[in-house]
Amino acid sequence: MDKLPNAMATEALPKDQDLADPELQGILEGNARFRRLGWKRLTVISIVEAIALGSLGLPSAFAALGMVAGVILTIGLGFVAIYAGYSIGEVKLRYPQVGHYADVGQLLLGNVGSKIFVGSFVALLIFVIGSHCLTGAIAFETITQSSSCSIIFSVASAAILMLLAIPPSFAEIAILGYIDFASILVAIGVTMIATGIQSSNGSGGFAAADVLAWSAWPKPGLTFSAAIVATNNIVFAYSFAGCLPSFMEDMHTPEDYVKTLWWLGGIQIVIYTLTGSIIYAFVGQGVQSPALLSAGPIVSRVVFGIALPVIFISGSINTTVVCRYIHGKVYRDSAVRFVNTSKGWSTWLGLVFCVTILAWIIAEAIPIFSELLSIISALFVSGLSFYIPPIMWYMLLKEGAWYEKHNLKPAILNGVVFLVGMIIFGCGTYSSVAELIDKFRSGSVSKPFTCS
């Protein structure tokens with residue numbers, strides 16, 4: 001277990017306050033409980049939060065964009081996300097008052113910026129929790145093959161997400177991260193093997209399957225909106241930046257975040273590229289979203305069972321992040337924020353319940369996996385993970401004029417990242433809404449809040 005430095009034990013200790021004071025004791029105990037996260041555990045938690053549903057939407061994105069564009073975008077957006085995450089971490093180190101991403105808004109735009117960032121930060125995480133709730137319902141329906149109303153499965157999914165979000169400390173849930181990571185690797189691996197066997201057993205074996213099934217280029221008749229929705233599925237896979245300051249707040253040595261960032265980014269790029277390309281190569285244009293549905297009726301039931309930990313543990317971590325932010329703001333100057341008193345626990349449980357209910361409503365309102373991920377990417381990930389970090393660099397990190405020699409390279413890189421984010425936001429929002437409306441009108445998907 002990571003040790004707590006002595007300096008941290010005296011944080012928030014007023015000089016004129018009695019050490020025996022219960023409120024002060026609660027603060028000291030809370031700091032000792034929360035601030036014990038090292039970079040290795042942070043890497044595990046970050047992988048759990050990041051490598052989840054994003055990987056399940058990648059094969060269908062490759063099917064739309066083609067193998068060449070799919071690989072290029074997966075690798076390219078991965079490095080863009082790593083660089084943007086580095087800027088976010090540097091802002092957190094330079095401005096210790098930033099406890100969560102939403103706090104950056106106050107630094108950039110004052111009270112107005114604070115409200116905008118709080119809304120975006122909270123909405124992003126609730127939408128992501130909703131996507132986990134939707135995936136959990138799909139998993140239960142696939143595993144049980146039941147004709148029961150689908151709302152029953154989504155309620156069960158929401159209940160599990162709520163229960164797993166009860167522990168408020170990231171260090172306390174780190175152990176679940178190992179189970180989660182093993183779950184997604186095994187689920188993806190089994191899907192790859194199963195689809196590969198099915199492909200080899202087809203007419204002509206692998207060679208014929210490769211020729212007939214997948215293409216290096218975008219599929220014929222691909223519309224602009226469909227291409228952007230597919231790209232946004234890749235963008236969603238790199239949505240980890242929004243939680244980075246929250247995780248760093250629990251670190252005993254925040255400067256070590258860079259180690260986590262490189263390990264997380266590298267692992268993501270490798271897993272996403274292999275998952276998207278291999279499953280698409282085996283299944284071809286018929287690949288489904290989530291990808292686990294492509295393994296065939298029997299194997300899909302098995303892999304969804306294996307993937308249940310990643311669906312719910314990853315989703316619950318997002319619940320913990322957003323609830324930690326809200327709870328900490330409401331009880332900013334009280335030991336209640338550390339959830340180590342009866343009042344702290346009662347308010348914490350109530351907050352977890354309310355956030356989960358909101359996420360469940362979103363999951364029922366937008367019951368289409370790919371489009372839900374695309375909307376999240378366009379509205380929120382585009383900003384928090386891409387075009388806002390460059391603004392942070394220009395306004396909070398840059399020293400001197402941008403065109404000075406020592407600033408020229410990062411200025412250009414941040415300009416590119418900003419442009420990528422704005423394209424995702426503008427084109428992605430239009431395309432996601434257009435695709436969603438088109439599918440509802442055509443009747444190809446079920447209506448919100450129905451049993452179908």
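## Worked exercises on a predicted helical model

Gln145 sits in the loop between α7 and α8 (150–164), where helices are DSSP runs of H or I with at least four residues, strands are runs of E with at least two, and both are numbered from the N terminus. This is a predicted model, in which local features need pLDDT of at least 70 and side-chain atom pairs pLDDT 80 or more, while totals for chains, interfaces and linings use all residues. Residues are numbered from 1 along each chain as its sequence is written, and side-chain values use heavy atoms, without hydrogens and water.

**Exercise 1. Find the sign of phi at Gln145.**

Step 1: Start with the background: most residues other than glycine have a negative phi.
Step 2: Now look at Gln145, whose phi is positive, about 50 degrees, although Gln145 is not a glycine.

**Exercise 2. Describe the protein as a whole: its helices and strands, its buried share and its contacts.**

Step 1: Count the elements: the protein has 17 helices and 0 strands.
Step 2: Turn to burial (buried is under 20% relative accessible area, exposed over 50%, partly exposed in between, with a 1.4 Å probe and protein chains only). Of the 452 residues, 55% count as buried.
Step 3: Look at the contacts (heavy atoms within 4.5 Å). Among contacts with a separation of 6 or more, 83% come from residues 24 or more positions apart.

**Exercise 3. Place Thr74 and list the residues it touches, then turn to Ile72.**

Step 1: Go to helix α6 (residues 67–94), which holds Thr74.
Step 2: Check the accessibility of Thr74: at 0%, Thr74 counts as buried.
Step 3: Set aside residues up to four places away in sequence, and Thr74 touches Phe62, Ile234, Tyr238, Tyr272 and Thr273.
Step 4: Move to Ile72, also a residue of helix α6. Ile72 is exposed, with a relative accessible area of 55%.
Step 5: Go from Ile72 to Thr273: the two are 201 residues apart in sequence, and their C-alpha atoms are 9.1 Å apart in space.

**Exercise 4. Work out how α5 packs on α11, and how α7 packs on α14.**

Step 1: Fix the geometry: axes are lines fitted to C-alpha atoms, for helices over the stretch in contact, and angles run from 0 to 180 degrees between N-to-C directions.
Step 2: For α5 (residues 58–65) and α11 (residues 224–236), the packing angle is about 145 degrees and the axes are 9 Å apart.
Step 3: List the residues that meet: Leu58, Ala61, Ala64 and Leu65 from α5, with Ala227, Ala230, Thr231, Asn233 and Ile234 from α11.
Step 4: For α7 (residues 104–144) and α14 (residues 297–330), the angle is about 160 degrees, and the axes are 9 Å apart.
Step 5: Name the arrangement: α7 and α14 are therefore roughly antiparallel to each other (under 35 degrees is roughly parallel, over 145 roughly antiparallel, 65 to 115 roughly perpendicular and the rest oblique).

**Exercise 5. Sort out the ring geometry of Tyr86 with Tyr257 and of Tyr387 with Phe418.**

Step 1: Begin with the search of the whole structure, which finds 10 aromatic pairs (rings of Phe, Tyr and Trp, by its six-membered ring, with centres within 6.5 Å; stacked is under 30 degrees between planes, edge-to-face over 60, tilted the rest).
Step 2: Take Tyr86 and Tyr257: with 6.4 Å centre to centre and 25 degrees between the planes, the pair is stacked.
Step 3: Place the two rings: Tyr86 is in α6 and Tyr257 in α13 (residues 257–283), so the pair ties together parts 171 residues apart in sequence.
Step 4: Compare exposure: Tyr86 is partly exposed at 37%, whereas Tyr257 is buried at 0%.
Step 5: Take Tyr387 and Phe418: the centres are 6.3 Å apart and the planes stand at 80 degrees, so the pair is edge-to-face.
Step 6: Place this pair too: Tyr387 lies in α16 (residues 369–397) and Phe418 in α17 (residues 405–442), 31 residues apart.
Step 7: Add the exposure, with Tyr387 buried at 16% and Phe418 partly exposed at 34%.
Step 8: Extend the picture: ring pairs link Tyr387, Phe418 and Phe425 into a cluster.

**Exercise 6. Describe the surroundings of Asn414.**

Step 1: Locate Asn414 in helix α17.
Step 2: Check burial: Asn414 has a relative accessible area of 1% and is buried.
Step 3: Leave out neighbours within four places in sequence; Asn414 then contacts Tyr83, Ser87, Pro389, Pro390, Trp393 and Tyr394.
Step 4: Pick out Ser87, which is 327 residues from Asn414 along the chain, with 9.3 Å between their C-alpha atoms.
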